[in-house]
Amino acid sequence: MQFHHHGYVSGDPRIQPAAGMGLDRPAELPDQVDVLIVGSGPAGMLTAAQLSQFPNITTRIVERRDGRLVLGQADGIQARSVETFQAFGFAEEITAEAYRITEMCFWRPDPEDPSRIVRSGRALDDEAGISEFPHLIVNQARVLDYFARVMAYAPTRMAPDYGFEFVGLEVDDDAEYPVTVTLLRTAGPDEGTERTVKAKYVVGSDGARSKVRSAIGCTLEGDKANHAWGVMDVLANTDFPDIRTKCAIQSSNGGSILLIPREGGHLFRMYVDLGVVPEDDNGAVRKTTIDEIIAKANGILAPYTLDVRNVAWHSVYEVGHRLTDRFDDVLPADVGTRTPRVFITGDACHTHSAKAGQGMNVSMQDGFNIGWKLGHVLDGRSPESLLSTYSAERQVVAQNLINFDKEWSTLMAKRPEEFENPSDLEDFYVRTAEFPAGFMTEYTPSMVIAEAKHQDLAAGFPLGKRFKSAPVRRVSDTNPVHLGHQAKADGRWRIYVFADAAPAGAASPVSDLARWLDTAPESPLAATPEGADRDAWFDVKVIYQQDHTGIDLNAVPSVFKPEVGPYRLTDLAKVYGADPKADIFEERGLDRGGVMVVVRPDQYVANVLPLTATAELGDFFAPLLPARQSQG
């Protein structure tokens, strides 16, 4: 964390100075906003947290509840989400309070006595070292609390506007504020009254029954639910030995349980198999009582017993896999003729089972994707055409999730005798670990993902996939750090310059590139607004092949040491050397002749280029930087 560059800070350094819209933020919801977010779930709150970093953009987030969420239904936090939390500044805190999954145990009927279950296997949660971040379990409400704090500490001083329910919207593309939204007051002295808010853009994060989705003519299509599960968060005494370990439990009577220990050391969640739902059920399974769910769980756990002392929450749900055909308001016939004004995220556009632990995680990545893009368009950094990439990118991700979840939930519902191999469930869990961890997303070429012409120069940073961090040494203070952890969710592009073997300051491709970045009118840095810090839009870092002791900081080109803040203080934190214990050039397959890796604000690799490919770098950013276009 860097601070003091605006002057001495004696308080909490996480609280950024108020700026722009945060200097005089109205307490009441304004009549006109740049972005109106509907729904304060994970997708909506992450979108808001990202936009809170853009001081000149008026963003408000409305929620029909009258206050913060007290008890959330989602709880699984995959490693990719923790990686995202790191960018927002609270990964360490939430990890400290969460339950950490390190192993998963598998139980099935004892071959000697099928009426009893026995432990049949264990699997490490991340045996292949997919991420340096852990797999966590923590209440969704706490995740929202952390994002609310990010918003409150941001320059815009954002906070949710509680007590507003979305009613409908109309779009007039010719208006300055094209989207007119009707809201219903659900709390306060004016409860029951309607009001309208005009917005330039609307993001619907209002769940599986999304009214925003309906308002733009989207429908969820997919498989009809045919299997029911009872889910309960409970405090209980039991002799089941793995009650504090994640477990998949299958019994001889055909029932199964997915056991998820919760944070705090006592609470745990059970997804209890309620069986196939008859076609003429007419919703009867949803009336299954908590006593029936507990009795079913005891039957599956035999010979072990479960003595439930307190039920924090319970529900019954039917597994269904549904997806919308688009994630914005542009009809298929209008693609290419207009840009979107309304977007949907999370459960509003994709639903699936809860057992893969993906709902909250994928929804947050929806929010990260659309958040920075809206920020760039409204801040004058990029053209409106950027917004069309949201639906194109995220719909593919959602379809892949549904395909995965169908296979996983089908396996969970199988009877033991239906498996060809008793270890099939365990094998699937291990074999597919990278997908549920959140690291299989791979965006295809677009205006924000380049063609893989030079992928061989950086094999460990695949185009379209998230930037996988690795250890380096920061030269200025000699500290070992993870390179990816230095990237914050501040809306900036990253350009990582992995140097050739020449020492800092010597005539080399790095020196030539640094000069071009700093002075060429075609350089993306040339688009930085006058008066802003040199790194306001682009965070440029250099990583040398030498260790930190062999790098002369004074010889490093100035573009890697920008002057920042009102006092124009030199930032020395962007210069790194290889860590002798884990050389990033070896770890990520980086060409020793040097390579540039361009990373988007949401941490996905956008381009891989030789150090000499300045023209290609300029051409990549030219369509994204209107200020640059006006010079051509």
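Let's start inside the protein: the residues that line its second largest cavity divide into seven nonpolar, five polar and five charged. Keep in mind as you look around that this is a predicted model. Across the whole structure, a search turns up four cavities of 30 Å³ or more, and the second largest of them holds about 140 Å³ of space. Its lining is made of 17 residues, and if you want to find the centre of this cavity on your screen, look for Phe-467, Gly-484, His-485, Ala-487 and Gln-603, which lie nearest to it. Two elements give two or more residues to this lining, namely helix H2 (79-88) and strand S23 (493-498). Helix H2 has the largest share, with three residues.

From the cavity, let's move to a small sheet. Three strands form an open sheet in the order S3-S7-S4, with antiparallel pairing. Strand S3 (76-77) and strand S4 (99-101) stand at the edges with a single partner strand each, so one side of each has no neighbour in the sheet. Strand S4 is joined to strand S7 (residues 135-137) by three bridges, and the two run antiparallel. To see this pairing for yourself, find Ile-101, which stands opposite His-135 in S7.

Next comes strand S14 (residues 246-250), where five of the five residues are buried. In a regular strand, side chains alternate between the two faces of the sheet. Which residues of S14 belong to each side? Lys-246, Ala-248 and Gln-250 are on one side, Cys-247 and Ile-249 are on the other, and both faces are covered. Strand S14 also has pairing partners that run in opposite senses relative to it: strand S5 (residues 103-110) is parallel to S14 and joined to it by four bridges, while strand S15 (residues 256-261) is antiparallel to S14, again with four bridges. For landmarks, Met-104 stands opposite Lys-246 in S14, and Ala-248 stands opposite Leu-258 in S15.

Cys-247 brings us to the cysteines. How many disulfides does a search of the whole structure find? The search finds zero. A disulfide is a covalent bond between the sulfur atoms of two cysteines, and here the pair of sulfurs would have to lie within 2.5 Å. The cysteine sulfur nearest to that of Cys-247 belongs to Cys-105 and is 4.8 Å away, and Cys-247 is in no disulfide. Cys-247 is also buried, with a relative accessible area of 0%. What about Cys-349? Its closest cysteine sulfur is in Cys-218, and because the distance is 8.5 Å, the two are too far apart for a bond. Cys-349 counts as buried as well, at 0% relative accessibility.

Our last stop is strand S13 (residues 227-238). Why is S13 described as largely enclosed by the rest of the structure? Nine of its twelve residues are buried, and so the strand is largely enclosed. Strand S13 pairs with strand S16 (residues 268-276) in the antiparallel sense over eight bridges, and Ala-228 has Gly-275 in S16 as its bridge partner. Strand S17 (residues 306-318) also runs antiparallel to S13, joined to it by eleven bridges. Here the residues to look for are Asp-233 and Trp-313 in S17, which stand opposite each other.

Technical notes: Residues are numbered from 1 along each chain as its sequence is written. This is a predicted model: local features need pLDDT of at least 70, side-chain atom pairs count only at pLDDT 80 or more; totals for chains, interfaces and linings use all residues. Side-chain values use heavy atoms; hydrogens and water are left out. Buried means under 20% relative accessible area, exposed over 50%, partly exposed in between (1.4 Å probe, protein chains only). Two strands pair if DSSP finds at least two bridges between them. On a 1 Å grid over the protein atoms alone, a cavity is a set of points where a 1.4 Å probe fits but cannot get out, and a pocket is an open set with protein on both sides within 12 Å along at least five of seven lines; lining residues have an atom within 4 Å of a point. Grid points are joined across faces, edges and corners, and a volume is the space filled by probe spheres set on the points. Ala, Val, Leu, Ile, Met, Phe, Trp, Tyr, Cys and Pro count as nonpolar, Asp, Glu, Lys and Arg as charged, and the others, Gly among them, as polar.
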